[in-house]
Amino acid sequence: EFVEGAADAVFFVDKSGNIRFFNKQAETCFGYKRAEVVGKPIEILLPERIRQAHVSYRTCYLENPKKLQLMSKRLDIFARRKDGSEFAVTVSLNPIHTPQGEFVVAVVRDLSAQEQLTVLLMREQAAHAEAEAATRFRDDMVAIVAHDLKNPLVTILLSTNFLLKRCADPVQKKNLDITKHSAERMSTLIGDLLDAHKIEAGRLSLAGRRAYEAGHLLKEAVE
C-alpha cells in the first residue's frame with residue numbers, strides 16, 4: 001500500500017528484465033495502464049535509441065547477483081512515455097530479495113517540472129542582467145548630459161551676462177535676453193532630468209528648493 005501510494009513512480013523488475021509491479025504514479029508518469037506493462041521488458045519505458053544498450057547493461061548485472069549492489073545509485077536518464085514523448089528522470093535502483101526471487105526496485109522521479117523551473121530561473125536571471133545593463137546605460141547617458149551639455153550652457157550664460165552689461169543697442173540687448181532666457185530654460189530642463197534620475201535612485205532632497213508660482217510658470221511656457 002505504501003509503494004502503491006508513493007509520490008514517485010515505482011516498479012519492480014525481475015531477473016529477466018520484465019516489469020512485475022507498476023504503481024499508480026508510474027501509470028500517471030508514463031501513460032501506461034498497469035496491465036499494459038506488467039510482464040513486458042523494462043525497455044518499453046526507454047527511448048528506442050538506448051533500448052539495446054540497456055538490455056546488455058541490465059543483463060550483465062541481473063545475471064551476477066554480487067554486482068547488484070553496484071546498481072544501488074541514482075541515474076539521470078531519459079525515459080519514454082506511451083505517446084512516444086521523452087522526458088528527463090532520476091532513477092534510484094535497489095536490489096531486493098524475496099521468496100519469489102530477486103528483483104530490482106526502480107524509483108523514478110519526473111524532472112520535467114524541475115527543468116521548467118530551471119528555464120524560468122534562467123530567463124529571470126537574463127531579464128535581471130538586461131535590466132541592470134539598461135540601468136548602467138541610462139546612468140552613463142545622464143552623466144553625459146550633466147557634463148557635456150550643462151557645462152557649455154554655463155559658458156553661454158556667463159558670456160551672455162557679460163555682453164548684456166556692455167550692450168547699449170536695444171535690439172541686440174533683446175536678442176541677448178532671449179539667448180539668456182533660452183539657456184536658463186535648457187539648464188533647468190537638464191536639472192529636472194538629473195532630479196528625475198535622483199528620484200528614481202532615492203537620492204533627491206527637497207531641502208533648499210525654491211517654490212514656483214503657477215502664473216510665472218505659465219508665462220514662461222507661453223514665452
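**Exercises on a predicted model**

In the hairpin formed by β1 and β2, four residues lie between the strands, and glycine 17 adopts a positive phi near 85°. The structure is a predicted model, as the following exercises assume.

**Exercise 1.** Determine in which sense strands β1 and β2 pair, and which residue stands opposite phenylalanine 11.

*Solution.* Step one: locate the strands, with β1 at residues 9-14 and β2 at residues 19-22. Step two: examine their pairing, which is antiparallel and extends over three bridges. Step three: look across from phenylalanine 11; its partner in β2 is phenylalanine 22.

**Exercise 2.** Describe the largest nonpolar core and identify the elements that supply it.

*Solution.* Step one: the core comprises 21 residues. Step two: the residues with the most contacts inside this core are Phe11, Ile19, Phe22, Phe30, Tyr32, Leu45 and Val108. Step three: at least two residues come from each of β1, β2, α1 (24-30), β4 (86-98) and β5 (101-110). Step four: β4 provides the largest share, four residues. Step five: another core, of six residues, lies apart from this one and includes Leu153, Leu157, Ile190 and Leu194.

**Exercise 3.** List the residues in contact with tyrosine 32, leaving aside neighbours within four places in sequence.

*Solution.* Step one: begin with Phe22, Glu27 and Val37, which are among the contacts of tyrosine 32. Step two: add Ile44, Leu45, Arg80, Arg81 and Lys82 to complete the list.

**Exercise 4.** State which elements have the lowest and the highest mean pLDDT.

*Solution.* Step one: for the chain, the mean pLDDT is 79, and 76% of residues reach 70 or more. Step two: among the elements, helix α6 (residues 214-222) has the lowest mean, 62, and helix α2 (residues 34-37) the highest, 95.

Definitions and conventions: Residues are numbered from 1 along each chain as its sequence is written. This is a predicted model: local features need pLDDT of at least 70, side-chain atom pairs count only at pLDDT 80 or more; totals for chains, interfaces and linings use all residues. Side-chain values use heavy atoms; hydrogens and water are left out. Two strands pair if DSSP finds at least two bridges between them. A nonpolar core is a set of buried Ala, Val, Leu, Ile, Met, Phe, Trp, Tyr and Cys residues joined through side-chain atoms within 4.5 Å. Buried means under 20% relative accessible area, exposed over 50%, partly exposed in between (1.4 Å probe, protein chains only). Contact means heavy atoms within 4.5 Å. pLDDT is the predictor's confidence in each residue, from 0 to 100.
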